[in-house]
Amino acid sequence: MSARPAESGGWTGSRRELTDLRPAHGGAMVGRDEGRAVFVRGALPGERVLVEVTEDRHRSYCHAVVVEVVEPSAHRIDPVCAAAAAGAGCCDLSFATDDHARDIKATVLREQLERLGGWSADALRAAGVDAVGVASLGAPTHWRTRVRMPVDAAGVVGVHAPASDAVVTGARCAQPIVGLLDGLDAHSWTPGAEVVAVAGDDGVMHLTELVMSPATPARGRSGRGRDDRRGRAQRARAGRSVTRETVVAGSDTAVHRVGGRTWLLPVTGFWQAHRSAPTRYGELVAEMAARHAPTATSAWDLYGGVGVFAGALCDAIDTLTSVVVVEADAAATAAARATYADDDRVAVYRGPVDAALANLPAPDVVVADPPRSGAGRSVVEGICAAAPALVVHVGCDAATFARDLGTYRELGYRPVELVGLDAFPLTHHVEAIAALVPDPTLGSGRSDEPLP
Ligand SMILES: C[S@@+](CC[C@H](N)C(=O)[O-])C[C@H]1O[C@@H](n2cnc3c(N)ncnc32)[C@H](O)[C@@H]1O
């Protein structure tokens, strides 16, 4: 497809009425007008809306925002998140009922599995997965135990606007747990800094200010509209480095606990955001391992962080004698080594997963929990080449999760369990966990063949 000339404008600024909207990956609804797809922010399935086109740079689609809801969905509510209502990009589904938001995420997950993974509902049923839904982890508000927030030019902490470096202030996001942001207004913050707020499992609230190097304009592909703007804003932010780190409350290290184990992790390190996620994910991994590989002796915990899943596997399988945690981040591997110092079963390898796989002892079970970009073909190939009896694949992006499951299919693994989890309420984001086992009838190299 050739891109429209950016300067032509196309439909940009025009208003159009749309009906028959359905959920699309990434938080928008998609409708059609004059044969083109229109991705709409701020709408719900089935609504009739008046939209204004904000980006029109591609022949087959454009991006728009709702300016008027002509016929609202029965599931539309007043926005739960004050920051999102004021224009922040944090809670892009906070105007839908909790149940309906989960239905939307389940629809997107099922569609991505079919389109990108070749796993239609029929193929999943034949494989052993009767239905794909998204389960609640609890109340939709006040679930987040760690958050990183920008400080505006006046020194006020806020939330980024969607796909932008602009900072929305004066209204709080509904995600952080109660008490996490106490003390924010009592401090004088450095303009342009970032603030990290973390709740430890010992009840201690931590606040740290990160003064950053200036952002360098990120170069990126043109012609991909809002998603490309979002990508450029994220890449520009990612390119900044921390020049000064100041503890304002608590300390620089948070205490985290799961299943009787304790980790001491820098507040800037990775930990699952939802207060219930580490425990619930650990339980699911343990249950899947106990069901499908009860006599395993060896395992990999890939993209393992501090090794929460390594602990879950040790607790679930009595016969396990070796679990290798593979993780790139130095702080996470240090925390993992400290926690498992007295456990001979767990070894911690620091480095990128793709470089590590060929050097690891053969596993009976693999848990893989990659970042949003997914594991990718070469890592999935490395996992399948090791021929584990069970893979538990975890993903926080429906599209890359589905793509990875398509690669497993090509390489001879089928899902026997697949659950969606609402680990990011009020937003379009969704977590998914699949248990996959070898299937000799697959592995032809094609991802669109029906199961026998
Ligand atoms: C979604 S987190 C999962 C962490 C862990 N499983 C947990 O639940 O706490 C992904 C982890 O992968 C790590 N990571 C990202 N890319 C990696 C790579 N190429 N090789 C190894 N680790 C990587 C990140 O540092 C992060 O800890």
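Helices and strands here are DSSP runs, numbered from the N terminus. With that in hand, D369 is easy to place: this residue sits in the loop between strand 19 (365-368) and helix 9 (377-385). Keep in mind that what you're looking at is a predicted model.

Let's stay with D369 for a moment. Is D369 buried or exposed? It counts as buried, because 23 C-beta neighbours lie inside 10 Å, and the cut-off for that label is 20 or more. Setting aside residues up to four places away in sequence, D369 touches Y303, F309 and V394.

One of those partners, Y303, deserves a look of its own. You'll find Y303 in the loop between strand 16 (298-302) and helix 6 (308-316). Y303 is buried too, since 22 other C-beta atoms lie within 10 Å of its own. Once neighbours within four places in sequence are left out, Y303 is in contact with E327, V353, A368, D369, P370 and P371.

Why dwell on this pair? The UniProt record, an unreviewed entry, lists Q272, Y303, E327 and D369 under "binding site". So the contacts of Y303 include E327 and D369, both of them on that UniProt list.

Now bring in the ligand. Of the 16 residues around the ligand, Y303, G305, A328, D329 and D369 come nearest. Helix 6 and strand 17 (322-327) are the elements that give two or more residues to this shell. Sorted by class, the shell has 10 nonpolar, 3 polar and 3 charged residues.

Next stop: C396. The same kind of UniProt record, again an unreviewed entry, has the annotation "active site" covering C396. Where is C396 found? Look in the loop between strand 20 (390-395) and helix 10 (398-410). C396 counts as buried, because there are 21 C-beta neighbours inside 10 Å. Its contacts, not counting residues up to four places away in sequence, are R372, H429 and E431.

Let's move on to a sheet. Strands of a sheet pair through backbone hydrogen bonds, either parallel or antiparallel. In this case 4 strands form an open sheet in the order 8-11-12-13, and the pairing is antiparallel. At the edges are strand 8 (146-150) and strand 13 (242-249), each of which pairs on one side only. On average, neighbouring strands of this sheet are turned by 20° against each other, direction ignored.

You can zoom in on one of these pairings. Strand 12 (residues 205-212) is joined to strand 13 by 6 bridges, and the two run antiparallel. If you'd like one bridge to trace by eye, start at T208, whose bridge partner in strand 13 is V247.

Finally, a couple of backbone oddities. Most residues other than glycine have a negative phi. D20, which isn't a glycine, has a positive phi near 55°. D20 is in the loop between strand 1 (15-18) and strand 2 (22-23). D20 is labelled exposed because 12 other C-beta atoms lie within 10 Å, and the label applies at 12 or fewer.

H142 is another such case: this residue is not a glycine, yet its phi is positive, about 55°. H142 belongs to the loop between strand 7 (134-136) and strand 8, and strand 8 is one of the edge strands of the open sheet. With 16 other C-beta atoms within 10 Å, H142 is partly exposed.

Technical notes. Residues are numbered from 1 along each chain as its sequence is written. This is a predicted model: local features need pLDDT of at least 70, side-chain atom pairs count only at pLDDT 80 or more; totals for chains, interfaces and linings use all residues. Two strands pair if DSSP finds at least two bridges between them. Axes are lines fitted to C-alpha atoms, for helices over the stretch in contact, and angles run from 0 to 180 degrees between N-to-C directions. UniProt positions are given in the numbering used here, feature names are shortened, and annotations may be inferred rather than shown by experiment. Two residues are in contact if their C-beta atoms, placed from the backbone, lie within 7 Å. A residue is near a molecule or strand if its C-beta atom, placed from the backbone, lies within 6 Å of it. Ala, Val, Leu, Ile, Met, Phe, Trp, Tyr, Cys and Pro count as nonpolar, Asp, Glu, Lys and Arg as charged, and the others, Gly among them, as polar.
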